[in-house]
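Reader: I should be grateful for a close look at one part of this structure. Would you please describe that part carefully and then connect it to its surroundings?

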Amino acid sequence: MAGLLYRLGRFSARRHWLVIITWVVIMAVAGVTYSLFSGTISSAISIPNTKTSQVQDELADKFPSANGGNGTIVFETKNGKAFTDAQKSEVADFLTKVEKLDGVKGATSGFDTQDQLDEQRQKIVDGRKEITDGRAKLETGQDQLDAQKAQLTSGKQQIKDAQAQLDAQKAQAEAAGAALPAAQAQAAAAQLQQAQAQIDAQQAQIDAGEQQIAEAQKTIDANTKKLDDSSEELEQGSKLLDLSKDVRFVSSNGSAVIGTVQFTKSTYEVPADTKTAIADDADSADISGVNVYVSNDIAQGVPSILGPGEIVGVVIAALVLFLMLRTVIGAAIPLVSAVLGVGVASLASLSFSGLVEFISVTPVLGVMLGLAVGIDYSLFILNRHRTQLKQGMQVHESIGLANGTSGNAVVFAGATVIVALLALNITGIPFLGLMGTVGAVAVFFAILIATSFTPALLSLIGMRILRKKERTKIGNTGSTRVPNKPMKTWRAIVTLVAGVAVLGTIALPATQMRLGLPTGASESVDSSQYKAYKALDEEFGAGQNGPLLVVATLPDSISKSDVTATEVTIGEALAKNDDVKAVLPIGTSSDRDIIAFQVKPGGGPDSISTENLVKDLRDQTVTTDDGTVTLGVAGNASANIDVSEKLSNVLPLYLVVVVGLSLIILIIVFRSFLVPITATAGFILSVMASFGGLTAIYQWGWLGSVFGVHDPAPILSFLPIIEIGILFGLAMDYQLFLVSGMREAYAHGASAKVAVQRGLHAGRAVVTAAAIIMISVFAGFIFSDSSTIKPIGFGLAFGVLIDAFVVRMLLIPAAMHLLGQSAWWFPKWLDRIVPDVDVEGAKLERSHPTSGQPGQPGQPGHEDTHTGSHALPVAPDANAHESGHPPAHRA
């Protein structure tokens, strides 16, 4: 590899214009492919195959009419008073305008929705009154009917008595019939017959009356049943309204109203142009005396790749380069190289955004890494080249040798970062894997640029890379002071113990870290999202910002008549959970086997109470007459839980892969077991301290005014795993650049403890500059407008600060001192098997001694006394190992 990079460096130096033009063409091609094939970038974070996504998919399948995302627009009067009729009319006109936008299915005014709810409640009141009046009428009719029944019963008794009397008279007449004259007998019979006819007529009247009373009773009974059924249905409706009594779309004082926008696609798939159009309309809305705010699900846009903070970070990096190199042209080379690498990598990656879904943070992360490592990698090669020029090496040879030595170290360091980033793909989370891939692409191009474009620029500039004063002293660098004494053992112990204690203390808040997704409260206080979030919180309750969607899957389909009763049964069961403020039925599937509810929690979307509510709802068992109901939950809180659960499940595998592969690389590079182990232990301290700082500032709100944290919230759910991957790679960079100098000094005959001091002395200047540059670039993103980017920038900046200046420059040297020669122990049989990667290009360096003065190749010159790939020149150690034998190996 060193020989290949040497030849690449020489080629780039000889054909510098060809290399420069080639990279410019590559940049142009990347720009063309971007313009032709790029797609939209989403601001929403989604993970497939989670419980939340399964609920959303089920809803899309069972509720096609409701298939589409929703967005919220908040209207609030400026004077805090109720809306006037004119303002209500203007709000309606605004929503009508929004409804006409492409991708919008409908827009509903909260006034209309609240009126519907109020009308339903009034209907319940009116219905109860009607039922009460109806019951009173039925009771009056029943009383009248009962009186008629009593009269009828009395009449029947009278007829019965009259009939008995008549029958007795008939018997007497028959007994006396023979003794009476015929005429008298006939007259008596006629009288009896007439009396019987009267009784029969009265009986007929009684029978007719009974029939009428029976019919009237049937009518009363039927009407009573109808009233009972209506009353039961009314009471069920009343129970549903009682469950949702805390759901409002107009605030209690009438000063705020919620407008709902329904999209034709899910919120994640809504084109950015549609959301932007709504947000722009809201910003330009001219409703007299009314503020219009769009919520986070509409206004959350794509953050700018380079804002004022990021530019300041790059400016600081430029100042560090200038202070280190003392030449403007020298400081410009790493910057130009890094910008070119970022441009090519970003355009190339985004060319695939039409095929793969990119979230907004993905390209920003690529820019972050590309700038940071691009500057550093070019700086390492440039610094080595400058050192060799000052020693008398001619330009092209120096470029080639710098590329073969420091460039070789850059390749191995970059490979460690790339491995850590690409390993994010094993998480099985698409957006996370893509972020890792895009970051790896940025690092890959940074390596290519540093080992080809940078040498071409160095050749083009020639000796002007050195200051005039330096050019006058070429070949006369003088002696370089190097440490000849090891650090004091007590100092190493104190440094190690104190350093671990301090980092452990900083890491303590990490034990309380909570993970979540960003909400409107995380946005800038001047943003529409933040104002909408706060207005909803203050006027409608915290739960209005994060309502939960609960889907109840029934054992069997139910009839239409049973829908309301089933909704009441399930709704009342849901309402029994702690922290449930309201339960509102949304609808029933066409085959009536699924019922959807909106549950309003008492806490916000990122509160612990809402998180616990989601878990309780998922564990809850609800039983109906047909069997057990299965509950599913969706919403921001449930998505947070699902993301955290999935990430926690894959984190162990990720760590095993990343740490395992990197340990293998470090074992091969350093030919030691203890050095990679101490490197990994140091990384654990760095990352935990970084997590502690993140938690204290962004979750607890410490120093919030300094870092723009106005509303502390859980840490971005995917930040820990992203930071672990990136920081591990960068930490191994610094480990490689510093400890390789220790290894080289040890291989040249210095004792193990003296070698620690010499390696640190050789590498600390350039590593310090590189770390400051990287911290500056990352820190620039802390002040981004995006709530997603801010904590990423801080975590990486603080992590590099801790790792470079505390772990690598204090703790690792102290640990290496205490380990002594055992740090370099390596089994002989394994030493024969493991390939000698010569990461520092030592063999190449020995085969290419310094020659002649600049521009005079072939002349004998000053012998190269370099002992570190990237470091300032260090004189060869005069003290051999105790055995006195020359070193047989040099890493």
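Author: At the start of helix α5, a side-chain oxygen of S109 comes to within 3.2 Å of the backbone nitrogen of F111. The model in which this contact appears is a predicted one. Helix α5 itself comprises the 67 residues 110–176. At 1.5 Å a residue, α5 should span 99 Å, and its end C-alpha atoms are 97 Å apart, which agrees with that expectation. In general, an α-helix has 3.6 residues a turn, so residues three or four places apart point the same way.

Strand β3 covers residues 104–108, and it belongs to an open sheet of four strands. The order in that sheet is β3-β4-β2-β5, and the pairing is antiparallel. Strand β3 is an edge strand, as is β5 (290–294), and each of them pairs on one side only. On average, neighbouring strands of this sheet are turned by 20 degrees against each other, if direction is ignored.

Within the sheet, β2 (residues 70–77) and β4 (residues 256–263) are joined in the antiparallel sense over seven bridges. One bridge may be picked out by name: V74 has I258 of β4 as its partner. Such pairing follows a general rule, for strands of a sheet pair through backbone hydrogen bonds, either parallel or antiparallel.

Helices also lie against these strands. Helix α4 (residues 85–99) lies across β2, β3, β4 and β5, and runs at about 170 degrees to β3. Helix α16 (residues 528–540) packs on the sheet as well, where it touches β2, β4 and β5. The direction of α16 makes about 110 degrees with that of β5.

A second sheet may be set beside this one. It is open and has five strands in the order β9-β10-β8-β12-β11, with antiparallel pairing. Strands β9 (580–588) and β11 (622–624) stand at its edges with a single partner strand each, so one side of each is left without a neighbour in the sheet. Here, neighbouring strands are turned by 30 degrees against each other on average, direction ignored. Strands β8 (residues 548–553) and β10 (residues 594–601) pair in the antiparallel sense over six bridges, and T553 has I594 of β10 as its bridge partner.

Finally, one may consider helices that pack on each other. The axes of α10 (residues 328–350) and α11 (residues 361–391) come within 8 Å and cross at roughly 145 degrees, and this crossing is right-handed. The contact includes G330 and I333 of α10 as well as P363 and V367 of α11. By class, its residues are 13 nonpolar, six polar and no charged.

Technical notes: Residues numbered from 1 in each chain as written. Predicted model: local features only at pLDDT ≥ 70, side-chain atom pairs only at ≥ 80, totals over all residues. Heavy atoms only, no water. Helix = DSSP H or I, 4+ residues; strand = E, 2+ residues; numbered from the N terminus. Expected span 1.5 Å × (residues − 1). Polar contact = N/O pair within 3.5 Å; in protein donor to acceptor, adjacent residues only side chain to side chain. Axes fitted to C-alpha atoms, helices over the stretch in contact; angles between N-to-C directions. Left-handed = near helix turned anticlockwise from the far one by under 90°. Contact = heavy atoms within 4.5 Å. Nonpolar A, V, L, I, M, F, W, Y, C, P; charged D, E, K, R; others polar. Pairing = 2+ DSSP bridges.
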